[in-house]
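Subject: Structure for your review

Hello,

Please find the structure below. My notes on it come straight after.

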Amino acid sequence: MSETHVHGAGAEERAERIRVAGRVQGVGFRASAQQLAIACGLRGWVANVGRGVVIHACGPGDRLDAFVRALRDDIGPPARVDALERETAEVLPPGTGFRIAPTDTPLA
């Protein structure tokens, strides 16, 4: 399901579920992803799921794109992103914040 909200001067909000594979568990990846998301002004969550990490991120499209670039380029060792899949997700309510969710959080 795709949802888009428009606020003010054309600031289009999007939400994505981002699946990240690589060396992303046990290396501080979730905390780093949370810091990047907050710095980008996004809301949502990050969780270990299976052998990877899933991120539900919501905010203005340009900030979401900047966040994904930062995940690829700015996550330092020992974390390493090998693959990243993006799909449309449900837009979260304003003021939700960005949190580290429990491991194996249900994705529905």
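The notes below cover the salt bridges first and then a helix that takes part in them.

Please keep in mind that this is a predicted model.

Salt bridges

The structure holds six salt bridges. Three of them are described here, starting with the pair Arg43 and Glu13.

The side chains of Arg43 and Glu13 meet with N to O at 2.6 Å. Arg43 belongs to strand 3 and Glu13 to strand 2 (residues 11-23), so this salt bridge ties together parts that are 30 residues apart in sequence. Arg43 has a relative accessibility of 9% and therefore counts as buried. Glu13, also at 9% relative accessibility, counts as buried because the limit is under 20%.

Arg43 has a further partner. Its side chain reaches the backbone oxygen of Pro93 at 3.0 Å. Strand 3, where Arg43 lies, covers residues 43-49.

The other two salt bridges described here both involve Asp65. Arg14 is one partner, with 2.9 Å between the closest N and O atoms. That pair links distant parts of the chain, since Arg14 is in strand 2 and Asp65 in helix 2, 51 residues apart. Arg86 also forms a salt bridge with Asp65, and here the closest N and O atoms are 2.8 Å apart. This pair again links distant parts of the chain: Arg86 sits in strand 5 (residues 80-88) and Asp65 in helix 2, with their positions 21 residues apart in sequence. Through shared partners, salt bridges join Arg14, Glu16, Asp65 and Arg86 into one network.

How buried or exposed are the network residues Arg14, Asp65 and Arg86? Arg14 counts as partly exposed at 22% relative accessibility. Asp65 is partly exposed at 27%, and Arg86 is partly exposed at 36%. The pair of Arg43 and Glu13, by contrast, is buried on both sides, with Arg43 at 9% and Glu13 at 9%.

Helix 2

Helix 2 spans residues 61-73, which is 13 residues. From the first C-alpha to the last, helix 2 reaches 18 Å, close to the 18 Å expected at 1.5 Å a residue.

Which residues of helix 2 are buried? They are Gly61, Leu64, Phe67, Val68, Ala70 and Leu71. An α-helix has 3.6 residues a turn, so residues three or four places apart point the same way. Asp65, which lies in helix 2, is partly exposed.

Regards

Note on methods. Residues numbered from 1 in each chain as written. Predicted model: local features only at pLDDT ≥ 70, side-chain atom pairs only at ≥ 80, totals over all residues. Heavy atoms only, no water. Helix = DSSP H or I, 4+ residues; strand = E, 2+ residues; numbered from the N terminus. Polar contact = N/O pair within 3.5 Å; in protein donor to acceptor, adjacent residues only side chain to side chain. Expected span 1.5 Å × (residues − 1). Buried < 20%, exposed > 50% of the residue type's maximum accessible area, 1.4 Å probe, protein only. Salt bridge = Lys/Arg side-chain N within 4 Å of Asp/Glu carboxyl O.
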